[in-house]
Amino acid sequence: MDYKEKMKNWLNSKINSEKYTDEIRKIDDEEELKDRFHKELEFGTAGLRGIIGAGTNRMNEFVVAKVAQAISNVVLNHEGGKERGIVISRDTRYLSEEFTKISACIFAANGIKTYVFDDVRPTPMLSYAVRYLNTISGIMITASHNPKDYNGYKVYWEKGSQILDDIADEISSENKKLNFDDVKIANFEEAVAKKQIVILTSEVDESYYKKTLAMSLEEDIDKDMRILYTPLNGTGNKPVRYVLGQRGFTNVNLVDEQVNPDPEFKTAPYPNPEDVKAFSLSLEYAKKYDSDLIIATDPDCDRVSIMSKGAKGEYVNFNGNQIGAMMIYYILDRLKVKNQISERGAIVKSVVTGDLGEKIAKSYGVDFFETLTGFKNICSLPNRWDETGEHKFIFGYEESIGYVYGDHVRDKDAVVSSMIIAEMAAYYKKRGKKLTDVLEDIFSEYGYHAEKVSALSFKGVEGSKRIKGIMEHFRDTQYNSFCSLDVKDRIDYEKGYKDIGSSNLLIYHLADGSWFAIRPSGTEPKIKLYVYVVDKLKDKADAKLKNLSEEIIEKMNSIN
C-alpha cells in the first residue's frame, strides 16, 4: 500500500478528527505528505518519538492509543502484570497531558492497575517510581531534548530501566496486529473514582528525594558557591532546586525566562544542553550574578550539562566525556577516603563514550564495562547484577551528557547528577581549584584526551535513504587509512560483537590509538560521528582531532 492509499484510509477512518483532516488538506507538499504516511511511527530507543501531527508517521492521540493497547496486551500476557500495574509520568510538552490521560484510560479499561503523577515529573522519578511501586511497567511521555514540534513515549519495565529488545518486540508485534477499533478506553474521572487509576502526590517524591540526598559524598564544601541553574522550561525546576537547597546551597540563581514550563521553548528552540547554544541566555545571567557554575538540565531532566568559570573569568563549556570523567574522579576519590569502594564495584559506559573514565576507574581498582548506546543497555548490567551479586554498580554514563550515580534509579538522572556536580565544584572551590584545573589535573595524570561528536541531519524519506546509504558505504568500502593514520581494525556491530550485542554501528581503531564511530541516531533524523584522540600534547591532539573529523565528514557528505 503506497502512502496515498494510507492517507486516504486515514482520512476516511473512524479515528480521524476534523482537526487532523484540516491539517492534512492544508498541506500541498507531496514530500511532506509522503513523510507523514509512508510508514507507521516505529519503536526506536525503547519507545516512540516523532513530530506531533496528523499521519501514521507522527505523534498523535491515535498512534499513542494503539501503542497503549499493545502495551496492555503485553502486560496482560505477563504473570502478575495486571495486578502490579503501570505508572505514568509526563513532561511539559504539547499533548503530554493528553497522551497521559489516553494511556491511563486504556490501561484502566484493560483492568490494569494504573498510577499517574498529579503533575509533570522528571524521567528519573518515573524510573524510581517503577521500582518503588513494584509496577511491571512505566511510561514517560517526553521527547527529551528534541525541539518543540516533537513528543515521545518511553516505555520502562519492572527493573526501572527502559525496555530491551525482547519486550519492545512483543509490543511492536502486538501493535502491528491492532486496528484502532481494537482499543479499549475508559472514562478518566470514572476510573479515578473506582480507583482503577490512582493519582500520585508526594509519597514517591519524598522517597526519591531521600534516596537522592543520601548519595551525597562530602560536607566540607563551599556552600556559598554561586550557582546558576536553568531547567530549560522543563521538569527539572522543582526537583533540582529542592535537592540543591537541601544540600545547603544558598546562592542559587535562576534563568527567569526558563524556569516555568513552556512547550514553545521560546528562549531555547533546541533545548539540549549538550549544545552550547542552549546556554546563550544562561551566560547573560551568569555574568550578572558572577556565577561560579552554570547547570542546565534538558526538558525531562535526565541529561545535564555545565559551564564553569575558568582561570581568566571566562565561562568554559565541558563536553559529556569530560563531565563524566570528572564525576568518576571525584566520586571514586571520596569513596576511597571513606573506604567505601566495594571490591565488586563497577562502572558502565556506552561503546561510543571516551576512554578517559575507564582509565580513572581502573586506577582505583574499579571494574569497567561497555554496552551498546543507550541507558536501557547501560542499566541492563546492574539489573543483571541484582540477581547474580557479581558486581556492585557505582556509576553509569554516556558521552551525550547522561549520568546516573547509585542504585535507586535505572536511567539517566540529572537530579542526582546536578547534586554531585554542584558538590564536586564546591569541594574543589574550597581547595582553591576551578573545574578547569581539575580537568587539567586529570589530563596530566592520564593523558590529554580530545573528542568531538558531530551530527549530520537528513530529514524525510530521502534523508532516511541517505543515512542508510552512508552506513552501507562505510560497511562496503575497505578504508586503509584516515589522515595518514593506518586503520588497525574495524568493528561492525550489525551482527553483534563479543557479548555486547548487535547495533547499526561501525567503530574504526587507528594505529596511534585514536578511534571513531559512526551510527544513525535512534531518536532523530541524524547520523552521528564520534571522534576520539589522545596525545601527550594538547596542540597535537587538537590538530589531529580537527583533521580527522573534517576528513570523515567530507567523505560522509559526498555519499548520495
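Me: Before we look at strands, what makes two strands a pair?

Reply: Two strands pair if DSSP finds at least two bridges between them. In this predicted model, strand 20 and strand 21 are joined by six bridges in the antiparallel sense, so they count as paired under that cut-off of at least two.

Me: How do you know where strand 20 and strand 21 face each other, and what do they form?

Reply: One position is Phe 516, which stands opposite Val 531 in strand 21. The two strands form a hairpin, with five residues between them.

Me: What makes strand 16 a partner of strand 21?

Reply: Ten bridges join strand 16 to strand 21 (residues 526-535), and the two run antiparallel. The cut-off is at least two bridges, so this is a pair as well. Ala 450 stands opposite Val 533, and Val 453 has Tyr 530 as its bridge partner.

Me: Why are strand 16 and strand 17 said to stand at the edges?

Reply: The open sheet has six strands in the order 16-21-20-19-18-17, with antiparallel pairing. Strand 16 (448-457) and strand 17 each have a single partner strand, so one side of each is left without a neighbour in the sheet.

Me: Why is strand 21 described as largely enclosed?

Reply: Nine of its ten residues are buried, so strand 21 is largely enclosed by the rest of the structure.

Me: Why is the pair of Phe 482 and Phe 516 called edge-to-face?

Reply: By the ring rule, the count comes to 25 aromatic pairs. For Phe 482 and Phe 516, the distance is 4.9 Å centre to centre, with 80° between the planes. Centres must lie within 6.5 Å and planes over 60 degrees apart count as edge-to-face, so the name fits. The pair links distant parts of the chain: Phe 482 is in strand 17 (residues 481-482) and Phe 516 in strand 20 (residues 515-520), 34 residues apart. Both Phe 482 and Phe 516 are buried.

Me: And what makes Tyr 508 and Phe 516 a stacked pair?

Reply: Here the rings are 4.7 Å apart centre to centre, with 10° between the planes. Planes under 30 degrees apart count as stacked, so this pair does too. Tyr 508 and Phe 516 are both buried.

Me: What makes Lys 101 a charge over the ring of Phe 188?

Reply: Lys 101 lies over the face of Phe 188, at 5.1 Å from the ring centre. The distance cut-off is within 6 Å, so 5.1 Å meets it.

Me: How do you know that Cys 301 and Cys 379 are not bonded to each other?

Reply: The sulfur of Cys 379 is 16 Å from the closest cysteine sulfur, in Cys 301, which is too far for a bond. A disulfide needs sulfur atoms within 2.5 Å, and the count of disulfides comes to zero. Cys 301 has 0% relative accessibility, so it counts as buried; Cys 379, also at 0%, counts as buried.

Me: Why is Glu 423 called buried, and what does its side chain contact?

Reply: Glu 423 is found in helix 17 (residues 414-430). Its relative accessibility is 0%, so Glu 423 counts as buried. A polar atom of its side chain lies 3.0 Å from the backbone nitrogen of Leu 217.

Me: How do you know that the span of helix 4 agrees with its number of residues?

Reply: At 1.5 Å a residue, the 16 residues of helix 4 (residues 61-76) should span 22 Å, and the end C-alpha atoms are 22 Å apart, which agrees. Helix 4 has 15 of its 16 residues buried, so it is largely enclosed by the rest of the structure.

Technical notes. Residues are numbered from 1 along each chain as its sequence is written. This is a predicted model: local features need pLDDT of at least 70, side-chain atom pairs count only at pLDDT 80 or more; totals for chains, interfaces and linings use all residues. Side-chain values use heavy atoms; hydrogens and water are left out. Helices (H or I, at least four residues) and strands (E, at least two) are DSSP runs, numbered from the N terminus. The expected span of a helix is 1.5 Å times one less than its number of residues. Buried means under 20% relative accessible area, exposed over 50%, partly exposed in between (1.4 Å probe, protein chains only). Rings of Phe, Tyr and Trp (its six-membered ring) pair if their centres lie within 6.5 Å; planes under 30 degrees apart count as stacked, over 60 as edge-to-face and the rest as tilted. A charge sits over a ring if NZ of Lys or CZ of Arg is within 6 Å of the ring centre and within 35 degrees of the ring normal. A polar contact is a pair of N or O atoms within 3.5 Å; within protein, one must be able to donate a hydrogen and the other to accept it, and residues adjacent in sequence count only if both atoms are side-chain atoms.
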